[in-house]
Amino acid sequence: MQIAIVLYEGMTALDAIGPYEVLRQLPNAELRLVSNAPQPIVTDSGVLVLGATHSFAETPTPDILLVPGSTAHTSAAMADAELISWLQQAHKPSQWTLSVCTGSLVLAAAGILDGLTATSHWMAQDFLPALGVTPQKQERIVRHGKIVTAAGVSAGIDLGLFIAGEVAGQETAEMIQLAIEYDPQPPFDAGHPSKASKAVRNKARATLLKEGATLRVLIDFPRVLWRRVLSKVRQKQGAAPLTETTP
């Protein structure tokens, strides 16, 4: 079973590594970390570097594909023509198409979530409607057939275990959970906006907004929305919808 986890500059490491640590233990799992080319990828901290083992072109039909999110670079991934084109093609034959955190925005930019419900990081939920997706703010995992979206960052581990149960059965999933000793007992109970105090929510929001306030966001996100509008106009007029290869 070939599992492709997307890497891109500025991604959040745990979004990918959390589910990776679970999915790599599936029977007959072949893990690929995929990007535009085999290369080092600097994550959002600017310190941790992951290695993409394969290119998109080398991985046309993964059984499972997963897109992680990012604090400040999701919009760049949404506007990456090569990534979006690969997602549109690889999703068709996949057994599972997955996202963690703001990775759901990338799936939405590829048209994969059109008309569906989905979850994302709590700070990104309000962006989903503009992309034709209904947010599920209280859900940690949302499934539509083979498409499964997970909430922010740490939810990727839950997503990995969910998929392990679906693919290999509950006993195998529980074995993996035990192997990684995933038994959350956090010292605090502020892991969702509904549980955190107003002061904590405000500080977290301010920090995340500061980290995400980049020129790329101001340029890339409107460009993605503009292409979606143009595609709908063209379809109404009988023209082919825009693709990432449309000049």
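This report walks through the core, two helix packings and a handful of individual residues in a predicted model.

## The nonpolar core

Let's start in the middle. The largest nonpolar core takes in 62 residues, and W86, L87 and L113 are the ones with the most contacts inside it. Helix α5, covering residues 155-168, is the top contributor to this core, with six residues.

L87 is a handy one to click on. Once neighbours within four places in sequence are set aside, L87 still has contacts with L65, V67, V106, L107, A110 and I112. Two of these partners come back further down: L65 is also touched by S94, and V67 is also touched by G103.

## Helix α5 against α1

Helix α5 turns up in both of the packings described here, so it's worth keeping on screen. With helix α1 (residues 13-23), the axes come within 7 Å and cross at roughly 30°. That angle is under the 35 degrees that counts as roughly parallel, so α1 and α5 are roughly parallel to each other. Their crossing is right-handed.

As for who meets whom, the α1 side brings G18, P19, V22 and L23, while the α5 side brings G156, I157, G160, L161, I163 and A164. Sorted by class, this α1 and α5 contact comes out as seven nonpolar residues, three polar ones and no charged ones.

## Helix α5 against α6

Now turn to helix α6, residues 170-179. Its axis and that of α5 are 7 Å apart, and the two helices pack at an angle of about 145°. The crossing of α5 with α6 is right-handed. On the α5 side the contact uses L161, A164, G165 and A168; on the α6 side it uses Q170, T172, A173, I176 and Q177. The class split here is five nonpolar and four polar, with no charged residues.

L161 and A164 of α5 are worth a second look: they meet α1, and they also take part in the contact with α6.

## A173 in close-up

A173 sits in helix α6, and its relative accessible area is 8%, so it is buried. Skipping neighbours within four places in sequence, its contacts are L161, A164 and G165, which are among the α5 residues in the helix contact described above. For a distance check, take Q185: it is 12 residues from A173 along the chain, and their C-alpha atoms are separated by 19 Å.

## Two positive phi angles

Most residues other than glycine have a negative phi. C101 and E181 are worth checking on that score. C101 isn't a glycine, yet its phi is positive, at about 60°. E181 isn't one either, and its phi is also positive, at about 50°.

Where are they, then? C101 is in the loop between β7 (96-100) and α4 (103-109), while E181 is in the loop between α6 and α7 (198-212). Their surroundings contrast: C101 is buried, because its relative accessibility of 4% is under 20%, whereas E181 is exposed, because its 67% is over 50%.

## Three more buried residues

D220 belongs to helix α8, residues 215-236. It is an aspartate with just 2% relative accessibility, so it counts as buried. Apart from residues up to four places away in sequence, D220 touches S75, A76 and A79.

S94 is a loop residue, placed between α3 (81-91) and β7, and at 6% relative accessibility it is buried too. What does S94 touch beyond residues up to four places away in sequence? Its partners are P62, D63, L65 and K146. S94 and I3 are 91 residues apart in sequence, with their C-alpha atoms 9.8 Å apart in space.

G103 is found in helix α4, and its relative accessibility is 0%, so it is buried. Leaving out residues up to four places away, it touches V67, P68 and G69. Going from G103 to F221 spans 118 residues in sequence, and the C-alpha distance is 14 Å.

Terms used: Residues are numbered from 1 along each chain as its sequence is written. This is a predicted model: local features need pLDDT of at least 70, side-chain atom pairs count only at pLDDT 80 or more; totals for chains, interfaces and linings use all residues. Side-chain values use heavy atoms; hydrogens and water are left out. A nonpolar core is a set of buried Ala, Val, Leu, Ile, Met, Phe, Trp, Tyr and Cys residues joined through side-chain atoms within 4.5 Å. Buried means under 20% relative accessible area, exposed over 50%, partly exposed in between (1.4 Å probe, protein chains only). Helices (H or I, at least four residues) and strands (E, at least two) are DSSP runs, numbered from the N terminus. Contact means heavy atoms within 4.5 Å. Axes are lines fitted to C-alpha atoms, for helices over the stretch in contact, and angles run from 0 to 180 degrees between N-to-C directions. Angles under 35 degrees count as roughly parallel, over 145 as roughly antiparallel, 65 to 115 as roughly perpendicular and the rest as oblique. A crossing is left-handed if the near helix is turned anticlockwise from the far one by less than a right angle, and right-handed if clockwise. Ala, Val, Leu, Ile, Met, Phe, Trp, Tyr, Cys and Pro count as nonpolar, Asp, Glu, Lys and Arg as charged, and the others, Gly among them, as polar.
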